[in-house]
Amino acid sequence: MRRRSPMAPPAWFVWLRRVTLTVLTVFTVTPVYVMLSSSLKPLRDVQGSFQWIPSVFTLRPYVDIWHTVPLARYFVNSLIVATSATVLSVVIAIFAAYALSRYRFPGRRVFSVTVLSTQMFPGILFLLPLFLIFVNIGNATGIALYGSRGALILTYLTFSLPFSIWMLVGYLDSIPRELDEAARVDGCGPIGALLRVIVPAAVPGIVAVTVYAFMTAWGETLFASVMTNDSTRTLAVGLQGYSTQNEVFWNQVMAASLVVSVPVVAGFLLLQRYLVTGLTAGAVK
Amino acid sequence: MTQRTAGTGVRRPDVAMAGGRGGAPKGARPGRPRRRVSGRLRRGVLPYLLLLPALCFELLVHLAPMIVGAVMSLRELTLFFIRDWSGAPWVGLRNYQVAVDFDAPLGRALLQSFLVTVAFTVLAVGLSWLLGTVAAIFMQDRFRGRGTLRAIFLVPYALPVYAAVMTWAFMFQRDTGMVNDLLVDQLHLLDERPFWLIGGNSFWALLTVVVWRSWPFAFLILMAGLQAVPRELYEAAAIDGAGVWRQVRRITLPSLRPINQVLVLVLFLWTFNDFTTPFVLFGKSAPASADLISIHIYQSSFVTWDFGAGSAMSVLLLLFLLVVTAGYLVVTSRRRTADA
């Protein structure tokens, strides 16, 4: 299907392509190399002038990162927050996308426009009021929302929701309606049809949305820096603890960065095919 | 007036982003199984029930705070009143007057931050789009190592923002960083080690990091879009004697236009609103030449604890984004219809 025509690209094109892609690769990879190589350096290597290759290879930073700051706790917090936010967001998005894709009802347009347009607003716009709302709910009811994981989960799930709904609507629209009809004939209700027929058929779209939602929650920094306390701190904020007044343990910072990146990057690269499929169906149609 | 513009701004993104999905009429479906009256009623309520959770959360986290924010901007909400903010005195539009009083230090700083953000956004979006397009076009044909290369290019986008930006912060250190080592010690391009994270250079440092992070996104989207372009078009063009450059101009770029309309807008909004990158790169106070608007507002609110002024600035920012988005969509949509 993707066979390149009888006319092969001209030589200048192939060379231009090689040069350009090489430059882009170097640009892309350099920070990753710095991260990896510096994470294997002893402290003195990152305190003097920059070393391209560690003078001694050491795994010490990977041991130290867990003691310098309570990294394990941050890790668990991030894991709980990102996983809960992702699961909730994806489930809610599936229901909403099903309604938007399969039903015509008054208010449908208003809903999609309102939800989508929240995507364009700067986070800073919600931060101050949301901070105050949580603090005041806490004062009024005694439920400590501010500083809790629950508040963060709540916030993050809405961050990925608009884009997830939009992408899933596109994906569900590409699933033939005859599938629903068939399920209905077999005696499924609308929800039964959604769960037994539509969801299995929409797996690539759902995977794409899940990856997106998890990455959003895992990487968020602004709200994490304001809405967490010592016991609920996530990685995004916790990783800034490797610097003291006078020095930064750069080798540990790099090691910790690598450790927190590996799960998401591996997941992303494994599932990127789905993401492209999901985007093609949803966004790029 | 403002409201009218805001209205179009909100309505248009749906048209653009959801474009092409409302094509087939799905309202009246023939062959829908006959149901009892209660069934019909249930069907009427069902979509709302399905939307309810999404709606509740969106209301709580996005819409309610927006209204609260607008109310806050009309009050004198300093540290003094933060415990009981309903007791803060109303000051009408004074927060806004202070924010746009360009003769006073506060207003001048806001204007400066705004101009820096605009310049920064234009450059960053332009470069990210350019790199993404070039890479997507070069990787359209199959060649050895294409899959690996694609995975490599996507890594910056997949990395958690803070981890990536911290690495860049390390690279930009004056004495221990890689950038100065490369420029001064290896290539001898500069005599003296410049500072990258303070002073004028911080603008370029931030630009590098943001472009590094966002061009893969452009690449991903454009690559997905190019898969939909039929190969036969290129073959036909090649048979007609069109060179590579002509094919790109006549086939590739025009078929990417609808995607570009959304992509450029999304890149613009993300870059303009970016908080995390400058926050992690510079810490709580960004240097003046890289003082993006989000971090400026954050600082005006959480460092000086003047939430009233911070809210007023946020509302102004929102109005600006609405106007720009609406204008952008009107212009690009018109051009698209004119070209078609």
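Start by selecting helix 7 of chain B, residues 178-186, in this predicted model. Its buried residues are Met178(B), Val179(B) and Asn180(B). Buried has a cut-off here: 20 or more other C-beta atoms lie within 10 Å of the residue's own, while exposed stands for 12 or fewer and partly exposed for the range in between, with C-beta atoms placed from the backbone. The cover over these buried residues includes helix 1 of chain A and helix 6 of chain B. Helices (H or I, at least four residues) and strands (E, at least two) are DSSP runs, numbered from the N terminus.

Before moving on, note how the labels and limits work. Residues are numbered from 1 along each chain as its sequence is written, and chains are lettered from A and ligands numbered from 1 in the order in which they are written. Because the model is predicted, local features need pLDDT of at least 70 and side-chain atom pairs count only at pLDDT 80 or more, whereas totals for chains, interfaces and linings use all residues.

**Stop 1: the end of helix 7 of chain B**

Select His188(B), just after helix 7 of chain B. His188(B) sits in the loop between helix 7 and helix 8. Its phi is near 55 degrees, which is a positive value in a residue other than glycine. Is His188(B) buried or exposed? His188(B) is exposed, because its count is 8 other C-beta atoms within 10 Å.

**Stop 2: helix 1 of chain A against helix 6 of chain B**

Now select helix 1 of chain A, residues 11-38, and helix 6 of chain B, residues 161-171. The two pack at an angle of about 80 degrees, and their axes are 10 Å apart. Axes are lines fitted to C-alpha atoms, for helices over the stretch in contact, and angles run from 0 to 180 degrees between N-to-C directions. These two helices are therefore roughly perpendicular to each other. The classes of angle are: under 35 degrees roughly parallel, over 145 roughly antiparallel, 65 to 115 roughly perpendicular, and the rest oblique.

From helix 1 of chain A, show Pro31(A), Val34(A), Met35(A) and Ser38(A); they meet Ala164(B), Thr167(B), Trp168(B), Phe170(B) and Met171(B) of helix 6 of chain B. Two residues are in contact if their C-beta atoms, placed from the backbone, lie within 7 Å. This contact has seven nonpolar, two polar and no charged residues. Nonpolar covers Ala, Val, Leu, Ile, Met, Phe, Trp, Tyr, Cys and Pro; charged covers Asp, Glu, Lys and Arg; the others, Gly among them, count as polar.

**Stop 3: helix 1 of chain A against helix 5 of chain B**

Keep helix 1 of chain A and add helix 5 of chain B, residues 146-158. Their axes are 9 Å apart and the packing angle is about 50 degrees, so the pair is oblique. Helix 1 of chain A passes helix 5 of chain B in a left-handed crossing. A crossing is left-handed if the near helix is turned anticlockwise from the far one by less than a right angle, and right-handed if clockwise. On the chain A side, the contact residues are Leu21(A), Leu24(A), Thr25(A), Thr28(A), Val29(A) and Val32(A). On the chain B side, they are Leu149(B), Ile152(B), Phe153(B), Val155(B) and Pro156(B). By class, this contact has nine nonpolar, two polar and no charged residues.

**Stop 4: helix 1 of chain A against helix 4 of chain B**

Add helix 4 of chain B, residues 105-138. Its axis and that of helix 1 of chain A come within 10 Å and cross at roughly 130 degrees, which makes the pair oblique. The crossing is left-handed. Here Arg17(A), Thr20(A), Leu21(A) and Leu24(A) meet Leu131(B), Val134(B), Ala135(B) and Phe138(B). These residues divide into six nonpolar, one polar and one charged.

**Stop 5: the two chains together**

Show the whole interface: 90 residues of chain A are in contact with 91 residues of chain B. The chain A side has 60 nonpolar, 21 polar and nine charged residues.

**Stop 6: Phe203(B) and chain B as a whole**

Select Phe203(B) in helix 8 of chain B, residues 202-226. Phe203(B) is partly exposed, because 18 other C-beta atoms lie within 10 Å. Which residues does Phe203(B) contact, leaving aside its neighbours within four places in sequence? They are Phe120(B), Ser289(B) and Ala290(B). The C-alpha atoms of Phe203(B) and Ser289(B) are separated by 5.6 Å, although the two are 86 residues apart along the chain.

Zoom out to chain B: there are 13 helices and zero strands. Buried residues make up 39% of its 340 residues.
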